[in-house]
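Colleague: Please give me a close look at one part of this assembly, namely a single chain and the places where it meets its neighbours. I would like the answer as one connected account that I can follow on the screen.

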Amino acid sequence: MSTFDIILQQLINGLLIGSFYSLVALGYSMVYGIIMLLNFAHGDIYMAGAFVAFVMLAVVSPVLGAGWLGIVAAMIASMFLVGLLGVFIQRVAYRPMLGAPRLSILITAIGVSLVLYNSVMAITDGEFQAFTTDLGFAGVDVGSVHITYTQIILVVATAILMISLNWFISKTMYGKAMRAIALDKDACRLMGINVNKIIALTFFVGSSLAAAAGTMAGVYYGSIHFFMGFVIGLKAFTAAVIGGIGSIPGAMIGGLVLGLLEAAGTQLPFIGSEWKDVFAFGLLILLLVFRPTGILGKTEIERM
Amino acid sequence: MKKVFLLALVIGLMSLAVFGCGNQPPASDDQQSGENDQAEEQTGEQASFDGELKIGIMVPTTGSEATYGKDMENAIQIAVDEINAEGGILGKKVVTTTGDAACDPQMATAAASKLVSSDVTAVVGGYCSGATLPTLSIYGDANVPLVIPAANSTKLIPNNPGNAFMINGTGAHQAQKATALFERLGAEKIAIVHQGDGYSEDLAKITNDVWEEDGHEVVAFEVVNKGEQDFSSLVTNVRSKSPDLLYWTAYYADGGMLIKQLRQGGYEGEIVVGDGSNSPKLMEIAGNAAEGVYVTSNPLVEYLPAAKKFMEDYKARFNNDPGPYSALSYDGLYLLADAIERAGSTDKEAIIKALAETEGLEGLAGKVSFTEDNVLAESNFVVLQAKGGSWTNAE
Amino acid sequence: MSDIVLALKDVETYYGKIHALRGINIEVKKGQIVTLLGSNGAGKSTTLKTISNLVQASSGTVEFFGKDITNVQPYDIVEMGLIHVPEGRRIFRDLTVEENLELGSYTLKDDKERKNRMDHVFEMFPILEERKKQDGGTLSGGEQQMLAIGRAMMVKPKLLLLDEPSMGLAPIIVQDIMKIIRRLNSEGTTILLVEQNAKMALKLAHYGYVLETGSIAMEGDGSQLREDETIIKAYLGS
Amino acid sequence: MAILEVKNLTLRFGGLTAVNDLSFGVDEGSITSLIGPNGAGKTSAFNCLTGFYKANEGDIVFDGKSLMKEKPHKITQLGMARTFQNLRLFKNMSVLENVMAGMHCRGSVGVVGSILHTPKQRAEEKKIKEYSEYCLDFVGILDKKERLARNLPYGDQRRVEWARALATKPKLILLDEPGAGLNYDEKDDLIKLIQRIREKLGITIFLIEHDMGLIMKVSEKIIVIDYGQKIAEGNAEEVQNNPRVIEAYLGKEEEDEAV
Amino acid sequence: MSVDNPRAREKEFPDVDGAVSKQTWVDRAYELFDNKKIRNSSLLGLAAVVLLIPTFGGNYVMEIFTNAFFYMVLCLGLNIVVGYAGLLDLGYAAFFAVGAYTTGILTAHFGMNFWLTIPFSVLFSAMAGIIIGGPTLRLRSDYLAIVTLGFGEITRITARNLEITGGASGLIGIDRPELFGLRLYQIQHFYYVFFVLVIIAIFVAVRLHHSRLGRAWQYIREDEDAAEAMGIDRVKFKLYAYIIGAVFGGVAGSFFAVKMTAISPQTFLFTQSAMILLAVVLGGMGKIPGMIVGAFVLVIFPEVFRAIGDLRMLFFGVVLLVIMLFRPQGIWPERRS
């Protein structure tokens, strides 16, 4: 491979994994923006999304096949069901905790994560499930770089989801209410906004996006397992912080930045790929020290 | 209101739990004296037994490696029942008790202490090398004979107090087998990828050294993080160094994904995987991409003529195929039985001595003798190849 | 139907352990501007918060058009046509002027009606139309206050609670705000006004209440209170 | 002699100018007040003085030293203590512990001393405790020292705050709306207390306040600001009769309106 | 004031103190413990039982208790950071790793006596505390969370990648220490060693808590601005908390290394940090008995429910949720009345 090919290929790699990070990071950021909760269970929601889609695909594939049609149907079903799961979790575990010390809520989130993770482990008996689809490796070639149609479709799908979310957030009344709640809950109450309902909706949307990402990951990587949400959860959280937690465009950008950083990390001269996470986390720390609110986060009043 | 929701939560989870239980292999009373200490209360139904002989099993029964651990436990149970049907060891009924190592060093030391303090005569177990390592000294201090059927990191050897016996081929054995295969396949430049855990790193490093000593080149020595799904940038990195062959030394789950992504990313060289990856799941996960992949494997039950009956028994009883370490675990118990019979007593010192003197004991997986280091004298590794969705013998 | 829009009967409110309102009785009649005066911490804002149920009264009732709304959720109270413009304006700083206004009519499902109402607001505050794409936070203090009132008007309120609309504004702007309040009232909106600027408030008000440490110390017609020296004393000292 | 000199202080938040070219001085041993209507920028100015906000322009000289680049804790160590408008007590700690916080900056025992309970540590603890009790006694609530701050009545909580500020052994004490939320009797006590602090402890007092009555009674000099700018300065009478002040407070008499 | 100060805004709608409010029978039981006589006698009784356990409990029981002691030390250390100073730390395992590897490397590679390695452990873990705390303590707590998490991961990955740390397999064959000529190798030896370690840790934690330092942490936790206005240098004292917490972790790590004789990066995963934090919050932040209860629950729970196999962690999760919902302040919270 020529240097150009390597760079191009790594760009594509970074973009693809970055778009998954972005989708998951959005959920972190939305929830954080609105109730200041680091939802540690979000990675497990992603995992649940993959599993629900897996089951759904098995249900629909006799009719729709295991090609794109079936996958899209399974994904939509998964997004809906996992969205509801997100709302359920919010209602049962987080809402009663409003007003409790923030660390306790954080621990509750870890508890939710444990429950989700271990439930799926019990159900699957800890086994890896092969997410079998009919998608092949066909694609286009640029030099020695091979880009499969699946990759192209996934990036496009992510883009569509993010554009839709952006539209939802900026154009619909619900989206505007979400942003408003993040700014001032009491003022929202005085506008006649049912704050609890909007918070639930936020969990629904965030969880749906994670479910979409989980489904896509299952389709793309071909294997799902109960701890698949852990690493991506950490990475997406990182991405959300890089972008400026609470900021929607920030989460999108943060995901892509992290994806590209990691891809670059594997290709670094002199040090091996085993250092790529050190590289990514190191840059994150530096970023936070020098720009504590992330790329797109708002700066607060300067205080000495 | 709060309480109602909590109740709903608890009920929901409990139903989940029940559902989860339903999916687990049936664990009926007759087959498993199990980890619960009821085993001790069980008195021999057959009057012919002269007391009990307690054997400890140390495998992961929870955590990400639980599947393997349960396969091992099941296989040992078959051996126990067979032996008991034949009249036990030294006329004593064999009972077992399981300690969960969970593939975690801290859990494993607790499990080992638990086994030691419940007065087991000997232990069969050790799946994850990393978790087995710190338990060696616990067994060593109590002088309990330990037969290790799966863990095979060479790091175990220098830390063996003398009471542990490894019946799985070690990393060194496997590296020999693997490099021989690489040469046979005409490879010159190879890439090695491991998963950052003790076992796969050990195998990767030994293979690396052997290959370079043989005058060849390792162009890439890489690691992936456990739990990550995306290896695309690694694939690109490997491709840019254009190796003739890639050796994956870790487990099937990530191996399957790596193979898929290697082929997807346009890698065209040979792919060889280590014994942690010899699972049919690898092919399921990788799909067509797995075609032609080689595996350096410890002897799989399917290819052992001697194991035909075991295979059938296992399937009949557990409604499942035996796992990759089932045969060795089964052998492990017979090895112990043999040693105890030869020692003529349950004296631990005598059993250890007898174990060390084992000479050519026929097991499912081949003949067992030990070197001075208590390591299997003769490698029992085989090479298999994925063809049409299943492993076939490639030798 | 009586012409009493709002009635507080023996309302008591606690902030944690602080007894903020100690048996408040207030009546607001239809078409009136009623003002609440009092020094800092006298309980003016708490009274408004209790009415809109941001703070729960511990005893007593709040009636809106004869209906008990003491335990009605804030968002439902808005739908009934009672709207509270809080102290400090509380506009959404990172949302545009237009979005702020739209959120004012959150409870409205009819987009066309929303458009009409927004046009009405823009007609009243042309400056807001000019700045409709700007973020609320970039507006000047007076513009923010206009936005806050405009946002409230999007609901077509039957009763408007205004908490210190003149706070921190230049006198010239305060006069504008006064005119706006008067206009709103003349268009049929009943108003309960909390104001620090006593003179301005009493000039507008038909009726006034003076609060002191959580209870009503004095009440009367606007003109009557205006003449009362004690009010001035309460604010400027002897 | 001015112990505190503020020169052309300006503070901006984004586009808003909260404090605008403000200059004034506080004489040593005096009781000086800063007043102005709600939102006039009093608290912002205060926060600049105490280092909580970083002013954009100007200079603050305290006891001959510029405070522009100092952090709040350093400013306190230099001898300028403050109270907060909305009571920032350590609510879940005892009254005594609250006041001991004030003594913190006058102590020096570190990690090792704390663990080993060295003689020095014990002596210092004793000193801290004694002086804290003295301060509590000074404000008149020594008998409540063991109670949790959150459980005291509001007026007593105020006193805890003063005692806490006194415990820092300040040269100048800044009171942010000390009268807020107090009833008439409590306000009278406050006035007496302010005078006693100055007379007995020789501490200069600078307060911002809303309540004109209180201000007029205690202040020797009053600075009036509106929109972040100084509009008047002088003694009570001068300020009270200043038309700009009346306008700022009561609003302009507009005779010309016709809507 | 037209200026929107987010800090001020947060205070405006006061956080619900209600979480502390309800007094249950549990709290009343704890109150008994406030009585000095009852406390001292029950502590003595407890100590006696703990000292006698090896005489009737088997190796297994001792192993579990040793493990619990070990987590108690870690919890007490993390409690200084989280409970006393109110700083979130999601990478505490890093400090524990630094201590364990320091001892491991010095004994295994340089043949140093175990006891001599402890000062190095203290030094290096304190340095780690400064490195992580120094530049980041000005950050908001959520960012501090991610930075500490990142630092934890960096430490683990570094340990995995370096030659001197033994790579992924870790360090093996760490020599057992000697104490007064007695070679410590049996579980009861470590049982007593860790017990003494817990006692020392409790002593230090109590002393710190009731000192100028401890008060400073509490002031900062209660109200950072007010603390600063009292002349407390918040950055400096937060850093102290980090360093002391790190030293607790480091020393515990040293003892862990010699007890296990083998350490590997696997032990220092993020999950480890999360579990220690969980024990701290579950037990009740800021309170020493809380730490002991929290660590004990963390260790004992999975052992007791071993019988339900895979489901035990699920069950643990459910129990955790229920406890948090009913007692958001933890099992034995710092409580005042």
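Modeller: Contact, as I shall use the word, means heavy atoms within 4.5 Å. With that cut-off, eight pairs of chains are in contact, and chains A and E share the most contacts among them. I shall therefore take chain E as the part to look at, since chains A and E share the most contacts of the eight pairs, and please keep in mind throughout that this is a predicted model.

Let me begin with chain E on its own, which holds 15 helices and four strands. Of the 337 residues in chain E, 63% are buried, that is, they have under 20% relative accessible area. If we take the contacts within chain E between residues at least 6 apart in sequence, 76% of them join residues at least 24 apart.

One pair illustrates such a long reach along the sequence: E:E63 and E:K259 form a salt bridge, with the closest N and O atoms 2.7 Å apart. E:E63 belongs to helix α5 of chain E and E:K259 to helix α12 of chain E, so this pair ties together parts that are 196 residues apart in sequence. Both E:E63 and E:K259 are buried.

Now to the interface with chain A, where 51 residues of chain A are in contact with 56 residues of chain E. The area buried between chain A and chain E is about 4,300 Å², and carbon and sulfur atoms give 74% of it. No salt bridge is counted between these two chains, the number being zero, and one residue pair is found in polar contact across the interface of chain A and chain E when both residues must have pLDDT 80 or more. On the side of chain A that touches chain E, the elements giving two or more residues are α3 (68-94), α4 (102-124), α9 (228-243) and α11 (276-290) of chain A. Of these, α4(A) gives the largest share of that side, with 15 residues.

The interface of chain E with chain B deserves the same attention. Here 40 residues of chain E are in contact with 41 residues of chain B, and the area buried between them is about 3,300 Å², of which carbon and sulfur atoms give 58%. One salt bridge is found across the interface of chain E and chain B; E:R176 and B:D141 form a salt bridge whose closest N and O atoms are 3.6 Å apart. Nine residue pairs are in polar contact across the interface of chain E and chain B, again with both residues at pLDDT 80 or more. On the side of chain E that touches chain B, α5 (59-84), α12 (234-260) and α15 (311-326) of chain E each supply at least two residues. The largest share of that side, nine residues, comes from α15(E). It is worth returning to the internal pair at this point, for E:E63 lies in helix α5 and E:K259 in helix α12 of chain E, and both of those helices supply at least two residues of the side that touches chain B.

A few facts about the surroundings help to place chain E. Chain B, which meets chain E, has no contact with chain C, and the closest C-alpha atoms of chains B and C lie 17 Å apart. Chain B does not touch chain D either, their nearest C-alpha atoms being 27 Å apart. Over all chains the count comes to 49 salt bridges, and one network of salt bridges links A:K235, A:E262, A:K276, A:D277 and B:E228.

As a counterpart to the pair inside chain E, you may wish to look at chain D, where D:K144 forms a salt bridge with D:D156, the closest N and O atoms being 2.6 Å apart. D:K144 sits in the loop between α5 and α6 of chain D and D:D156 in helix α6 of chain D, so this pair ties together parts that are 12 residues apart in sequence. D:D156 counts as buried because its relative accessibility is 11%.

Key:
Residues are numbered from 1 along each chain as its sequence is written. Chains are lettered from A and ligands numbered from 1 in the order in which they are written. This is a predicted model: local features need pLDDT of at least 70, side-chain atom pairs count only at pLDDT 80 or more; totals for chains, interfaces and linings use all residues. Side-chain values use heavy atoms; hydrogens and water are left out. Buried area is the accessible area (1.4 Å probe) that two parts lose on being put together, summed over both. A salt bridge is a side-chain nitrogen of Lys or Arg within 4 Å of a carboxyl oxygen of Asp or Glu. A polar contact is a pair of N or O atoms within 3.5 Å; within protein, one must be able to donate a hydrogen and the other to accept it, and residues adjacent in sequence count only if both atoms are side-chain atoms. Buried means under 20% relative accessible area, exposed over 50%, partly exposed in between (1.4 Å probe, protein chains only).
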